[in-house]
Amino acid sequence: MGNDSGAPQPGFHHWEGFKGQGEYYNPRINTNGTWVQYEDSTYVTDLLTEHAIDFMKQQVENDQQFFVYLSHKGVHDNFSPAKRHKGIYQDKDLVIPPSYEIAKYDLKKLPSIDPATGKAAAGKDYYGENMTPDWVKHQRESWHGVDYSYHGRPWDIQVRNYCETLRSVDESIGSVLDYLKEAGLDENTLVIYMGDNGFAWGEHGLIDKRHFYEESVRVPMLVRAPGLFEGGKVIEEMVQNVDIAPTILDYIGVEKAPQMVGYSYIPLLKGQPTDWRECIFYEYYWEHEFPQTPTMHGVRTDRYKYIRYHGIWDTNEFFDLQADPGETMNLIASPEHQEIIQQLNHELYNWLEGTDGMNIPLKRTEWPHHDHRNRGNY
C-alpha cells in the first residue's frame, strides 16, 4: 500500500501506511500525508491494531458507518515476533509435509539410460518417479527452497520465527472482534479475515508463494456476520480474492463496478442456490528479482489441476486433487487422463486469449520507475 513512497492512496478518508514493507519495530508511518516516527520499541502490529480500533471508536461516537482495511506487515520476511512471543515455539517439533522429499534429486547422479526405450534403466525418466519438474528441483537449493532458505538461514528456524510473528496478528484479530462486541456491533458487522497469498513451508521442497501448488494458491479466508448467515460451515465453492470487493458492496447494497470481474459470494454464505464458477485460472510471469521461478499458467477445477510452464524445457504438471491432495504424483503422462488434460489446456488458452494473457509482459529491470513491484531490480 502506498507503492514506494507510502503516500496516501485515493479512496480513503483516513490513511496510515509505510514505505515498502515497513519495519516491525519503531516503524515510520505516513498518517494522512504526515510522517510519524515511533520509538520505544513500538511493535508495528500492535500499533496498527490500536489505531484501527481508535478509528472505529471515532466513527461510532459520530454515528457513522465505516469500512476498515487493516493490513499487517506480519508475516513478511524478515520475520520478527513481538518480544512477548519470541521463543515460544523454539522447542516445538516441525511438521514435515508429505511432498517435502519428492523434489530431492541429485542431478549429478542421473540414472543410466536403456537405449531400447530411451528411459532410465529402472523404468524412470529424468524427472524421477514423481515426474517433478527440473525447476522445482533446482529451486530447492535457492533462497526460495528449503536447502538454502532465505540466503542460507535455516528453514526450520524461519518456520518458528514465522509462527511466532503470526501470534501478534492472531491477537490483533481478537482485539478487533472484542471491540465490535463491546460496541454492540458484532452482530451486524461483516468481518473478513484473509491472507493476500498462500505460502509454502517445505511443500515440494519450496518456500514462498510464486507457484500454482495448493499451498501457494490457497488463501486463508474466514467470514463472520452473525446477522447475515449462520456460522460454522465450510464453503466448498472456489471463492477468489476478486470476489471480496463485490461481496462488501453487495452487503451494503451497492452495485459492483463494471470493471470488477469477481462476484458476491453472499448467496454462498446464506446457502442459497446460485450459479458459480467451475474453475479458476492462474498466471504468473517471470520476475527479474525472483529468477528461479518460470512463467506459468494453470487451471484448477474442484478435482483436477493442470499447470503449463513457458519458456523453459521442462515437464508440465497434472494432478488429481481428489486422489492426491498433496500433489505428490504428476500425472501429465498418464494415458487415462489425456482427454481431460487436453480439455483443460484448451480452456486455459481460451481464457488467456480472452484476458490479453497471450501478450507476455517484458518487465523493466531498472529502478526507480512507476512500477513498485520491480523495486530493487537492475
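The questions and answers below cover ring contacts, a run of strands, cysteines and a cavity in a predicted model.

User: How many aromatic pairs does a search of the whole structure find?
Analyst: The model is predicted. The search runs over the whole structure, and its count of aromatic pairs is 19.

User: Are the rings of Y263 and W276 stacked or edge-to-face?
Analyst: Their centres lie 6.2 Å apart, inside the 6.5 Å limit for a pair. Planes over 60 degrees apart count as edge-to-face. The planes of Y263 and W276 stand at 65 degrees, so this pair is edge-to-face.

User: How many residues apart are Y263 and W276 in the chain?
Analyst: Y263 sits in the loop between α6 (244-251) and α7 (266-270). W276 sits in the loop between α7 and β10 (280-284). The pair links distant parts of the chain, with a separation of 13 residues.

User: Is W276 buried or exposed?
Analyst: Its partner Y263 has 46% relative accessibility and counts as partly exposed. The cut-off for buried is under 20%. W276 has 16% relative accessibility, so it counts as buried.

User: Is the aromatic pair of F281 and W351 stacked or edge-to-face?
Analyst: The centres of F281 and W351 are 4.8 Å apart. Planes under 30 degrees apart count as stacked. Here the angle between the planes is 5 degrees, and the pair is stacked.

User: Which helix holds W351, the residue that pairs with F281?
Analyst: F281 lies in strand β10. W351 is 70 residues away, so the pair links distant parts of the chain. F281 is partly exposed at 22% relative accessible area, and W351 is partly exposed at 22%. The helix that holds W351 is α8 (residues 338-354).

User: Which residues do ring pairs link into a cluster?
Analyst: The links in this cluster are ring pairs. The members are F79, W143, Y150, Y162, F199, W201 and F290.

User: Over which ring does the charged end of R28 sit?
Analyst: The cut-off for a charge over a ring is 6 Å from the ring centre. The charged end of R28 is 4.1 Å from the centre of its ring. That ring belongs to W35.

User: How far is R140 from the ring centre of Y100?
Analyst: R140 lies over the face of Y100. Its distance from the ring centre is 4.8 Å.

User: How many residues of strand β12 are buried?
Analyst: Strand β12 covers residues 304-310 and is mostly covered. Of its seven residues, the buried ones number six.

User: Which residue in β12 stands opposite R300?
Analyst: Strand β11 (residues 295-300) runs antiparallel to β12, and six bridges join them. A hairpin through three residues connects β11 to β12. Opposite R300 in β12 stands K305.

User: Which residue in β13 is the bridge partner of Y304?
Analyst: Strands β12 and β13 (residues 317-320) run antiparallel, joined by four bridges. Their hairpin has six residues between the strands, and G311 takes a positive phi near 85 degrees there. The partner of Y304 in β13 is D320.

User: How many disulfides does a search of the whole structure find?
Analyst: C163 is partly exposed, at 32% relative accessible area. C279 counts as buried, at 17% relative accessibility. The number of disulfides found in the whole structure is zero.

User: What is the volume of the largest cavity?
Analyst: The search finds one cavity of 30 Å³ or more. The lining of the largest cavity includes I102, H204, Y213 and F319. Its volume is about 50 Å³.

Key
Residues are numbered from 1 along each chain as its sequence is written. This is a predicted model: local features need pLDDT of at least 70, side-chain atom pairs count only at pLDDT 80 or more; totals for chains, interfaces and linings use all residues. Side-chain values use heavy atoms; hydrogens and water are left out. Rings of Phe, Tyr and Trp (its six-membered ring) pair if their centres lie within 6.5 Å; planes under 30 degrees apart count as stacked, over 60 as edge-to-face and the rest as tilted. Helices (H or I, at least four residues) and strands (E, at least two) are DSSP runs, numbered from the N terminus. Buried means under 20% relative accessible area, exposed over 50%, partly exposed in between (1.4 Å probe, protein chains only). A charge sits over a ring if NZ of Lys or CZ of Arg is within 6 Å of the ring centre and within 35 degrees of the ring normal. Two strands pair if DSSP finds at least two bridges between them. A disulfide is a pair of cysteine sulfur atoms within 2.5 Å. On a 1 Å grid over the protein atoms alone, a cavity is a set of points where a 1.4 Å probe fits but cannot get out, and a pocket is an open set with protein on both sides within 12 Å along at least five of seven lines; lining residues have an atom within 4 Å of a point. Grid points are joined across faces, edges and corners, and a volume is the space filled by probe spheres set on the points.
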